[in-house]
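Visitor: I should like to look closely at one part of this protein, namely the sheet and the elements around it. Please take me through it step by step, in one connected account.

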Amino acid sequence: MAATVPGAQAIARAAAVLRRVTAAGTTGVTTQDIAQHTELTRPTAHRLLTALQAEGLVDREDATGLWLPGPELYLMGTVAASRYDVPALAHNIVKSLATRTEESAFLSVQRGDETVCLLREDGSFPIRSFVLSEGVRFPLGVASAGLVILSFLPDDEIDTYLERQTKLSEHFGRPHSATSIRKRIQETRDRGYAVNPGLIVNGSYGLGAAVFNAQGRPEWALSITGVGFRFGPDRLPRLGRDLLSHAHQLTAALAASGR
């Protein structure tokens, strides 16, 4: 994206670096990984990280060299949370979904061309998938939350998105080509919810249902994940019904709250 005001490019690059650091959560991430995912050179990525560290926005572990979110991000997030308190409203619904299905349940939100996981609640089944957790980001069309949000956007927005996202199959494999995503969009629309049959991590399945804002746009998604044998044809329809029921409940709660 071309800079339209002085300093815009530097801010965009710093924001991309911060998104990658926060996506890694408490695991931490290397300079090389950040450079690859932000399409920056390694020296540029390191220079930005050093500047962000000086402002307290990221931390670096001396022992491992991994980058982590810094204390200033926590303080900023605490202040911003009062304006974006959807997770507080959704918490009991996400917890109910995890209890009902016995699988890990999540709330994700669309941010630009990505979804960001906001909440995770684990169900009672002891074997779990750890593809998704708070702060993890995926492009639209990738993972069940990103697929279901993309599926219920207007057709022209889907076309525009897929035209500019030319590297999804390169990063996430052939099942994420534009042709394959369009096929899964139609399946999602027909079914009402998205299914990710182990396309990101082999054997880790996910279902996603859209949560709509007052204007009828899919702004959030509820999803569940688990091991593949728990998502067989005998159980999948019931999981889908439970997921859709909770998504409708959250859509109604958001509408009642004025969102």
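Guide: In this predicted model, let us begin with a side-chain detail: the charged end of R191 sits over the ring of Y193, at 5.6 Å from the ring's centre. A second arrangement of this kind involves R230, which lies over the face of F125, 3.9 Å from the ring centre.

Let us now turn to the sheet itself. It is an open sheet of 6 strands, and its pairing is antiparallel. Read across the sheet, the order of the strands is β5-β4-β3-β8-β7-β6. The edges are formed by β5 (137–139) and β6 (194–197), each of which pairs on one side only. From one strand to the next, the twist averages 30°. For any regular strand, one may add that the side chains alternate between the two faces of the sheet.

One pairing within the sheet is that of strand β3 (residues 104–111) with strand β4 (residues 114–121). These two strands run in the antiparallel sense and are joined over 7 bridges. As an example of the register, Q110 stands opposite T115 in β4.

The loop that precedes β3 also deserves a moment. E102 is found there, in the loop between α5 (86–101) and β3. Its phi is near 70°, a positive value in a residue other than glycine. To see why this is worth noting, recall that most residues other than glycine have a negative phi. With a relative accessible area of 34%, E102 is partly exposed. 

At one edge of the sheet, β6 and β7 pair in the antiparallel sense over 4 bridges. Here P197 has Y205 in β7 as its bridge partner. The hairpin of β6 and β7 has 6 residues between the strands, and in this hairpin G198 takes a positive phi near 70°.

N196 also belongs to strand β6. Although β6 is an edge strand, N196 has a relative accessibility of 10% and therefore counts as buried, since the cut-off for that word is under 20%. Which residues surround N196? Leaving aside the neighbours within four places in sequence, N196 is in contact with A143, S144, S204, Y205 and G206.

Two of these contacts, A143 and S144, lead us to helix α6, for both are among the buried residues of α6. This helix is mostly covered: 9 of its 9 residues are buried. Besides A143 and S144, the buried residues of α6 include L147, V148 and I149.

The loop after α6 brings us back to the sheet. F152 lies in the loop between α6 (143–151) and α7 (155–164), whereas F212 lies in strand β7 (residues 204–212); their pairing therefore ties together parts that are 60 residues apart in sequence. The structure holds 4 aromatic pairs, and this is one of them: the ring centres of F152 and F212 are 6.1 Å apart and the planes stand at 75°, so the pair is edge-to-face. The reasoning rests on a cut-off, because planes over 60 degrees apart count as edge-to-face. Both rings belong to partly exposed residues, with relative accessible areas of 29% for F152 and 24% for F212.

Beyond that loop comes α7, whose buried residues are I158, Y161 and L162. These residues cover an arc of only 95° around the axis, which means that they are on the same side of α7. They pack against β5, α6, α8 (168–172) and α9 (178–191), and β5 is an edge strand of our sheet. The face of α7 turned away from this buried side carries the exposed residues D156 and E163.

Finally, consider the helix that crosses the sheet. Helix α10 (residues 236–256) lies across β3, β7 and β8 (218–227), and runs at about 30° to β7. L254 is found in this helix. Is L254 buried or exposed? At 0% relative accessibility, L254 counts as buried. From C-alpha to C-alpha, L254 and V86 are 7.8 Å apart in space, although 168 residues separate them in sequence.

Terms used: Residues numbered from 1 in each chain as written. Predicted model: local features only at pLDDT ≥ 70, side-chain atom pairs only at ≥ 80, totals over all residues. Heavy atoms only, no water. Phe/Tyr/Trp six-rings, centres within 6.5 Å; stacked < 30°, edge-to-face > 60°. Buried < 20%, exposed > 50% of the residue type's maximum accessible area, 1.4 Å probe, protein only. Lys NZ or Arg CZ within 6 Å of the ring centre and 35° of its normal. Pairing = 2+ DSSP bridges. Axes fitted to C-alpha atoms, helices over the stretch in contact; angles between N-to-C directions. Contact = heavy atoms within 4.5 Å. Arc of directions from axis to C-beta.
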